[in-house]
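Hi everyone, thanks for coming. Let me put the structure up, and then I'll walk you through it.

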Amino acid sequence: MAAVLHIETSTEVCSVAYSHDGVCLFERSDMTGPNHASVLGGFVRDAIAFADSQMLPVDAVAVSCGPGSYTGLRIGVSTAKGVCYGRNAKLIGVPTLEVMCVPLLLGEKIPENALLCPMIDARRMEVYTAVYDRALRPVKMIGAEVLNEYSFSDLLKGHDVYFFGNGSDKFRAVIEERGVSNAHFFDNIVPLAKNMMPLAEQRLMRGQIEDVAYFEPFYLKEFVAVKSKNKL
C-alpha cells in the first residue's frame with residue numbers, strides 16, 4: 001500500500017484527503033463553494049503537514065480528472081502537479097463519475113446486475129454522465145445526455161438503474177411520470193476526495209500513472225466541441 005494525497009475539485013465541492021496503507025487519515029471538505037481558489041491550498045498544506053508530523057511520505061497524488069468544472073479542474077490539477085514536482089510523487093488521474101459511484105458501492109445493498117448512473121448537472125435538461133456495472137466497467141461511456149422521459153429506456157428494460165449526483169433530480173422529474181419501478185434515485189451524492197482512495201490505489205497497483213508534465217483533465221467543454229464537430 002502507498003501514501004496518497006487525494007484532491008477533488010471537479011464540482012462546487014472542494015475536498016482533500018490523505019490515506020496511508022488503505023486507511024483515510026486526514027480529510028477536509030468545503031461544501032459551500034465554489035471556493036476552490038481560496039480553500040484548496042490550505043487544505044493541501046494541512047494534509048501534507050499532517051503527513052510530515054507523522055513522518056509519513058506522499059508517494060502519489062490522486063486528482064479528479066473530470067468531467068467537471070473547467071475552473072475547478074484547472075485549480076485541482078495545477079495544485080496536484082505542484083505537489084508531485086515538489087515531493088517527487090506519482091500522479092494518478094481518477095474519473096469524477098467513478099468517484100461518485102464509490103459511496104453507493106460501499107454503503108448500499110445494490111443488486112448484482114444493477115447499473116450505476118452518476119450525473120453532473122449542465123445547462124437546461126443536459127447532464128454529463130456514464131453508466132457502470134458494479135465492477136465499474138463502463139456500460140455507457142462518458143458523454144453529454146439531453147434528458148427526456150425515454151432516456152436510458154434500453155437499460156431500464158432489464159436492470160435496476162441507480163441515478164445520483166446533482167444532475168439526477170432533473171431526470172427524476174421526467175421519469176416519475178412514467179412510473180418506472182426499477183429507476184432508483186439517491187440524494188446528496190457528491191464527489192469527495194476520501195472516496196477516491198480505492199480507485200487511486202487500484203490504479204497505482206496497475207501502474208496507471210500520468211505524465212505530470214502533459215496530463216490534462218477531461219473538461220466539460222470538450223463535449224461541446226465534439227458535438228459541434230459532429231454536426232458539421
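Let's start at the hairpin formed by β7 and β8, with five residues between the two strands. In its turn, L136 has a positive phi of about 60 degrees. Strands here are DSSP runs of E with at least two residues, helices are runs of H or I with at least four, and both are numbered from the N terminus. β7 and β8 run antiparallel and are joined by six bridges; strands count as paired if DSSP finds at least two bridges between them. One bridge pairs E126 with V146 in β8.

A quick word on what you're looking at: this is a predicted model, where local features need pLDDT of at least 70, side-chain atom pairs count only at pLDDT 80 or more, and totals for chains, interfaces and linings use all residues. Residues are numbered from 1 along each chain as its sequence is written, and side-chain values use heavy atoms, with hydrogens and water left out.

Now widen the view. The hairpin strands belong to an open five-stranded sheet with mixed pairing, in the order β8-β7-β6-β9-β10. Why is one side of β8 and of β10 left without a neighbour in the sheet? Those two strands stand at the edges with a single partner strand each, so one side of each has no neighbour there. Further in, β6 and β9 run parallel, joined by four bridges, and L116 has Y162 in β9 as its bridge partner.

Next, a helix. α3, residues 96-107, lies across β6, β7, β8, β9 and β10, in contact through heavy atoms within 4.5 Å. Its direction is about 125 degrees to β6; axes are lines fitted to C-alpha atoms, for helices over the stretch in contact, and angles run from 0 to 180 degrees between N-to-C directions.

That brings us to the inside. A nonpolar core here means buried Ala, Val, Leu, Ile, Met, Phe, Trp, Tyr and Cys residues joined through side-chain atoms within 4.5 Å, buried being under 20% relative accessible area with a 1.4 Å probe, protein chains only. The largest core has 30 residues, and A62, I92, V94, L104, L116 and F164 touch the most other members. Which element gives the most to this core? That's α3, with six residues. Leaving out residues up to four places away in sequence, F164 touches M100, C101 and L104, among others, as well as L116. Apart from this core lies another, of 27 residues, including Y18 and F26.

How values were computed: Buried < 20%, exposed > 50% of the residue type's maximum accessible area, 1.4 Å probe, protein only.
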